[in-house]
Amino acid sequence: KKSMFSKNLESRKIAVTGFLLILKHFRIDLEGGGFSLPSQIAFSQSYSCSQVIVSTQGRYNVAANEAFCLEILGSLKKCLSQDSYVRQQLYEGIYEVSCRNPQLSNSILDLLFSQFLKYFIRDPIILPPLDLNLCIGEEDEKAVILEPLPYLLHALQMCASKSAKRLDRDEDEDESLSHLLDDVEECLASLTKRLIKSSLEDF
């Protein structure tokens, strides 16, 4: 966790990569059952790795595994306030986590969508549909990327598509995921339509 807030950029990127690797290989439901994250557990809740006992032998503990993974996701969410290189690292690896640990789909999609909404303009009349002033800045008279938007959009689209397929397969899937997915798909459809209508003058 300390590496996540290191002054060294490479240390922060390594921390993100390490957290993503843990989530990819540490499954919530090792037996492959239809386990779904309860909606009452949110990122804002505080978990401590030292307080979570993860059993790898005998009877495994779903609640402990869930708490452990949510704690890591909470740490990854904090990296969204860091520079664009660290966020890009997260966006590039989060889809594979969703594939390997599908019980985290709801939380991952919510994380990406919340970040996307910081830049997306919901008003269907406004062109372009994104506030690019928040994505691009200036430093030493040079343009700098503040938000790696292409990577964010790609991760959001891929995770939304994965979640949609999961909902089609599992009728008992968490209803909250269905509502979230509807909102994501509606916003992405609006984004696409308005980008097509936008001209260079709009930017």
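This text walks through a predicted model, from its overall fold to single residues.

The protein has 203 residues. Its secondary structure amounts to 6 helices and 2 strands. In sequence order the pattern is α-α-α-α-β-β-α-α. The two strands therefore follow four helices and precede two more, as the pattern α-α-α-α-β-β-α-α and the DSSP numbering from the N terminus show. Buried residues make up 42% of the 203. The accessible surface is about 11,700 Å². Carbon and sulfur atoms hold 52% of that surface. Among contacts with a separation of 6 or more, 71% join residues 24 or more positions apart.

Start inside, with the largest nonpolar core. This core has 47 residues. Those that touch the most other members are Leu76, Leu90, Leu109, Leu112 and Phe116. H1, helix H2 (62-78), helix H3 (84-100), H4, helix H5 (149-169) and H6 each give two or more residues to the core. H5 contributes the most, with 8 residues.

Next comes a helix pair, H4 and H6. Helix H4 covers residues 105-116, and helix H6 covers residues 175-197. They pack at an angle of about 35°. Their axes lie 10 Å apart. The crossing of H4 past H6 is left-handed. From H4, the residues in contact are Asn106, Leu109, Asp110, Phe113 and Phe116. They meet Ser176, Leu177, Leu180, Leu181, Asp183, Val184, Cys187, Leu188 and Leu191 of H6. The residues of this contact comprise 10 nonpolar, 2 polar and 2 charged.

Leucine 109 ties these two themes together. It is listed among the core residues that touch the most other members, and it also takes part in the contact of H4 with H6. Beyond its neighbours within four places in sequence, leucine 109 touches Leu177, Leu180, Leu181 and Val184, among others. Its further contacts include Leu156, Cys159, Ala160 and Ser163.

Helix H1 (residues 9-25) holds lysine 24. Is this lysine buried or exposed? Lysine 24 counts as buried because its relative accessible area of 13% falls under the 20% cut-off. Leaving out residues up to four places away in sequence, lysine 24 touches Glu96, Val97 and Arg100.

Arginine 12 also lies in helix H1. With a relative accessible area of 10%, arginine 12 is buried too. Its contacts, apart from residues up to four places away in sequence, include Ser3, Met4, Phe5, Ser6 and Lys7. Farther along the sequence, arginine 12 touches Gln82, Asp83 and Val86. Arginine 12 and tyrosine 85 are 73 residues apart in sequence, yet their C-alpha atoms are 9.3 Å apart in space.

Now turn to the backbone. Where does proline 128 sit? Proline 128 is in the loop between H4 and strand E1 (136-139). A cis peptide bond links leucine 127 to proline 128, with omega about -10°.

The loop between E1 and strand E2 (142-145) carries aspartate 140. Glutamate 141 is found in that loop between E1 and E2 as well. Phi is near 55° for aspartate 140, a positive value in a residue other than glycine. For glutamate 141, also not a glycine, phi is positive and near 60°. Aspartate 140 counts as exposed because its relative accessible area is 67%, over the 50% cut-off. Glutamate 141 is likewise exposed, at 75% relative accessibility.

Methods: Residues numbered from 1 in each chain as written. Predicted model: local features only at pLDDT ≥ 70, side-chain atom pairs only at ≥ 80, totals over all residues. Heavy atoms only, no water. Buried < 20%, exposed > 50% of the residue type's maximum accessible area, 1.4 Å probe, protein only. Contact = heavy atoms within 4.5 Å. Areas by Shrake-Rupley, 256 points an atom, 1.4 Å probe, with all protein chains shown as cover. Axes fitted to C-alpha atoms, helices over the stretch in contact; angles between N-to-C directions. Left-handed = near helix turned anticlockwise from the far one by under 90°. Nonpolar A, V, L, I, M, F, W, Y, C, P; charged D, E, K, R; others polar. Core = buried A, V, L, I, M, F, W, Y, C linked by side-chain atoms within 4.5 Å.
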